[in-house]
Amino acid sequence: MTIASADGAEISTAQTTVTIADNDGDFYAAFAGTWTMTATASNGSTVSIPLTMTTSPEGTPNYGNIINCTASNVMGDGESYSWQFIYAFDPASQQGALAFNCDGETYIGQYLGYNLLWLFTFEGDGLFSGTVPLYWSLTEEGSIPTTLSVDPSYALYLYIDGAGWLENYSNITITRSLY
């Protein structure tokens, strides 16, 4: 193969090996990238939280099952949190889910020295551990959607372990960032 043009790169006679992976059908890998979580905070304001989502390494038990997420500056103090989304996809129905892992045991970070974790409420009734799903279907083009929403019956709580909630979020969506 001869490369005649490569904008922004230099073409030389040195040998270069290029591996092209066809991952168009790897919907798990397609979730990797930059997203924004938008939600209504407890004071009624709309918040936008930048997310970086990465897949688990190939060959590990979490590959194809867990998407790792990092968020910065959630409370406005430059702090960083990390959690996992549980990934599922049914090829027969062409539908899937990402689910916040609110197991009540996994710390997602610290704020002012306190350990934080996700809990949730369903229809405003109590605080629970478990999962909060974002259901999705493939688009007509056969790709993952650019926006996923949590059923409005759910609210996520940023919970201080053993002390109570710090913040809660309702009307939650995550949207792929274009840049």
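A residue counts as exposed when its relative accessible area is over 50%, as buried when the value is under 20%, and as partly exposed in between. Glu123 is therefore exposed, with a relative accessible area of 60%. The structure described in this report is a predicted model.

**Overall architecture**

The protein contains one helix and twelve strands. Along the sequence these elements follow the order α-β-β-β-β-β-β-β-β-β-β-β-β. Of the 179 residues in the protein, 34% are buried. Among contacts with a separation of 6 or more, 52% are made by residues 24 or more positions apart.

**Strand β1 and its partners**

Strand β1 covers residues 33-41. Strand β2 (residues 46-55) runs antiparallel to β1, and eight bridges join the two strands. Within this pairing, Ala39 has Val47 of β2 as its bridge partner. The two strands form a hairpin with four residues between them, and Gly44 in the turn has a positive phi of about 90°.

Strand β1 is also joined to β12 by six bridges, again in an antiparallel arrangement. In this pairing, Met37 stands opposite Ile174 of β12.

**A buried glutamate in β12**

Glu167 is located in strand β12, which covers residues 164-176. Which side chain of opposite charge is nearest to Glu167, and how far away is it? That side chain is Arg176, at 27 Å, and Glu167 is buried yet has no salt bridge. A salt bridge would require a side-chain nitrogen of Lys or Arg within 4 Å of a carboxyl oxygen of Asp or Glu.

The side chain of Glu167 does make a polar contact of 2.5 Å with the side chain of Ser42. Beyond its neighbours within four places in sequence, Glu167 is in contact with Ala41, Ser42, Met75, Leu156, Tyr157 and Leu158.

**Aromatic residues**

The model holds 18 aromatic pairs. One of them joins Phe31 and Tyr87, whose ring centres are 6.1 Å apart and whose planes meet at 65°, so the pair is edge-to-face. This pair links distant parts of the chain: Phe31 belongs to the loop between α1 (27-30) and β1, Tyr87 to strand β4 (residues 80-90), and the two are 56 residues apart. Both Phe31 and Tyr87 are buried.

Phe122 and Tyr154 form another edge-to-face pair, because their planes lie at 65° with ring centres 4.9 Å apart. Here too distant parts of the chain are linked, with Phe122 in strand β7 (residues 114-122), Tyr154 in strand β11 (residues 154-160) and their positions 32 residues apart in sequence. What is the relative accessibility of Phe122, and how is the residue classed? Its relative accessibility is 32%, so Phe122 counts as partly exposed. Tyr154, at 16% relative accessibility, counts as buried.

Phe31 and Tyr87 also belong to an aromatic cluster, which comprises Phe27, Tyr28, Phe31, Trp35, Tyr63, Tyr87, Phe89 and Trp136.

The two ring pairs are set out below.

| Ring pair | Distance between centres | Angle between planes |
|---|---|---|
| Phe31 and Tyr87 | 6.1 Å | 65° |
| Phe122 and Tyr154 | 4.9 Å | 65° |

**Tyr111 in strand β6**

Tyr111 lies in strand β6 (residues 109-111). With a relative accessible area of 12%, Tyr111 is buried. Tyr111 and Glu79 are 32 residues apart in sequence, and their C-alpha atoms are 7.1 Å apart in space. When residues up to four places away in sequence are not counted, Tyr111 touches Met75, Asp77, Glu79, Tyr81, Leu116 and Leu166. Met75 also appears among the contacts of Glu167.

**Positive phi in two loop residues**

Most residues other than glycine have a negative phi. Where in the chain is Gln94 found? Gln94 is in the loop between β4 and β5 (95-102). Its phi is near 60°, a positive value in a residue other than glycine. Gln94 is partly exposed, with a relative accessible area of 34%.

Glu123 likewise has a positive phi, near 50°, and is a residue other than glycine. Glu123 lies in the loop between β7 and β8 (125-128). As stated at the outset, Glu123 is exposed, its relative accessible area being 60%.

How values were computed: Residues are numbered from 1 along each chain as its sequence is written. This is a predicted model: local features need pLDDT of at least 70, side-chain atom pairs count only at pLDDT 80 or more; totals for chains, interfaces and linings use all residues. Side-chain values use heavy atoms; hydrogens and water are left out. Rings of Phe, Tyr and Trp (its six-membered ring) pair if their centres lie within 6.5 Å; planes under 30 degrees apart count as stacked, over 60 as edge-to-face and the rest as tilted. Buried means under 20% relative accessible area, exposed over 50%, partly exposed in between (1.4 Å probe, protein chains only). Lys and Arg count as positive and Asp and Glu as negative; His and the chain ends are not counted. A polar contact is a pair of N or O atoms within 3.5 Å; within protein, one must be able to donate a hydrogen and the other to accept it, and residues adjacent in sequence count only if both atoms are side-chain atoms. Contact means heavy atoms within 4.5 Å. Two strands pair if DSSP finds at least two bridges between them.
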